[in-house]
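Colleague: I have a new model open on my screen and would like to learn how to read it. Could you walk me through a few features?
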Amino acid sequence: MNKPTSDPAGVAASAPVYVDPLVLEREVKNYGELDRLLKAVPGPAILFEEGPLDGPVRGFGATEKVPAAGEYTVTAACVGATGAKVSVGQEHPGAPFQPLELALDCAGATSQVIELEEGYVFAHLVLTGPGNTPWTGAVGGVRVTGGSPRSR
């Protein structure tokens with residue numbers, strides 16, 4: 001007679017996938033509000049990136065080509081959280097590496113004009129909390145627009 005065993009060692013354990021429809025709905029609304037905040041700054045974007053602030057897959061990083069040296073507007077925002085940070089910058093051989101870090105309070109968009117050189121610009125969501133934060137649907141994003149030539 002074969003008896004079923006209760007030995008779990010032979011069974012591969014996989015993490016349960018939990019999808020909360022209320023959190024998904026909140027996240028969709030948060031992305032809509034985030035888009036509204038980020039797209040309020042006029043002009044075409046050379047970089048536009050969004051991502052979740054919490055949950056199983058969170059954060060973002062993006063790199064885009066800057067077509068010409070000049071002044072660009074960095075606009076960042078978050079929705080559904082108490083705060084976040086976005087880091088934006090460029091690396092150049094021989095130049096000090098000093099990215100702009102925008103602290104976001106998630107009450108609206110934050111914008112700052114920065115000088116960029118022709119080349120590549122990066123933007124990363126800087127997360128301060130641990131990687132195992134509960135999923136709430138909070139989102140953040142960054143948009144870089146402009147390209148006005150420098151005044152000499």
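Modeller: Gladly. Let's begin with the core of this predicted model. The largest nonpolar core has 25 residues, and those with the most contacts inside it are Leu47, Val74, Val86, Val88 and Val142.

Colleague: Which elements give two or more residues to this core?

Modeller: They are strands S1 (45–52), S2 (61–66), S3, S4 (84–89), S5, S6, S7 (119–126) and S8 (139–148). S3 supplies the largest share, four residues. There is also a second, separate core of six residues, with Leu34, Leu37, Leu38 and Ala77 among them.

Colleague: If I click on Val86, what does Val86 touch, not counting residues up to four places away in sequence?

Modeller: The list is Phe60, Ala76, Leu100, Glu101, Leu102, Leu104, His124, Leu125, Gly141 and Val142.

Colleague: Now strand pairing. How many bridges join S2 to S7?

Modeller: A general idea helps when you look at strands: in a regular strand the side chains alternate between the two faces of the sheet. Here, S2 and S7 run antiparallel and are joined by six bridges; within that pairing, Thr63 has Phe122 in S7 as its bridge partner. S4 also pairs with S7 in the antiparallel sense, over five bridges, and there Lys85 has Val126 in S7 as its bridge partner.

Colleague: Which residues does Tyr120 contact, leaving aside neighbours within four places in sequence?

Modeller: Tyr120 lies in strand S7 and is in contact with Thr63, Glu64, Lys65, Val66, Gly89 and Gln90. You can also look at C-alpha separation: Tyr120 and Pro67 are 53 residues apart along the chain, with their C-alpha atoms separated by 8.6 Å.

Colleague: Gln90 is on that list. Is Gln90 buried or exposed?

Modeller: Gln90 sits in the loop between S4 and S5. Its relative accessibility is 13%, so Gln90 counts as buried. For a polar side chain like this, look for partners: the Gln90 side chain reaches the backbone oxygen of Glu117 at 2.8 Å and that of Tyr120 at 3.2 Å. Beyond four places in sequence, the contacts of Gln90 include Val66, Phe97, Leu116, Gly119, Val121 and Phe122.

Colleague: On to the cysteines. How many disulfides does the structure hold?

Modeller: A disulfide is a covalent bond between the sulfur atoms of two cysteines. This structure holds one, formed by Cys78 and Cys106, whose sulfur atoms are 1.7 Å apart. The pair links distant parts of the chain, 28 residues apart: Cys78 is in strand S3 (70–79), and Cys106 is in the loop between S5 (100–104) and S6 (110–116).

Colleague: Why is this disulfide left-handed?

Modeller: Read the torsion about the S-S bond of Cys78 and Cys106: it is about -105°, so the disulfide is left-handed.

Colleague: What else should I check at Cys106?

Modeller: Try the backbone angle. Most residues other than glycine have a negative phi. In Cys106, however, phi is near 60°, a positive value. Cys106 is also buried, with a relative accessible area of 17%, and Cys78 is buried too.

Colleague: Last, where does pLDDT stay under 50?

Modeller: Over residues 2–16, where the model has zero contacts beyond four places in sequence. For the protein chain, the mean pLDDT is 84, and 83% of its residues reach 70 or more.

Terms used:
Residues are numbered from 1 along each chain as its sequence is written. This is a predicted model: local features need pLDDT of at least 70, side-chain atom pairs count only at pLDDT 80 or more; totals for chains, interfaces and linings use all residues. Side-chain values use heavy atoms; hydrogens and water are left out. A disulfide is a pair of cysteine sulfur atoms within 2.5 Å. Buried means under 20% relative accessible area, exposed over 50%, partly exposed in between (1.4 Å probe, protein chains only). A nonpolar core is a set of buried Ala, Val, Leu, Ile, Met, Phe, Trp, Tyr and Cys residues joined through side-chain atoms within 4.5 Å. Contact means heavy atoms within 4.5 Å. Two strands pair if DSSP finds at least two bridges between them. pLDDT is the predictor's confidence in each residue, from 0 to 100. A polar contact is a pair of N or O atoms within 3.5 Å; within protein, one must be able to donate a hydrogen and the other to accept it, and residues adjacent in sequence count only if both atoms are side-chain atoms.
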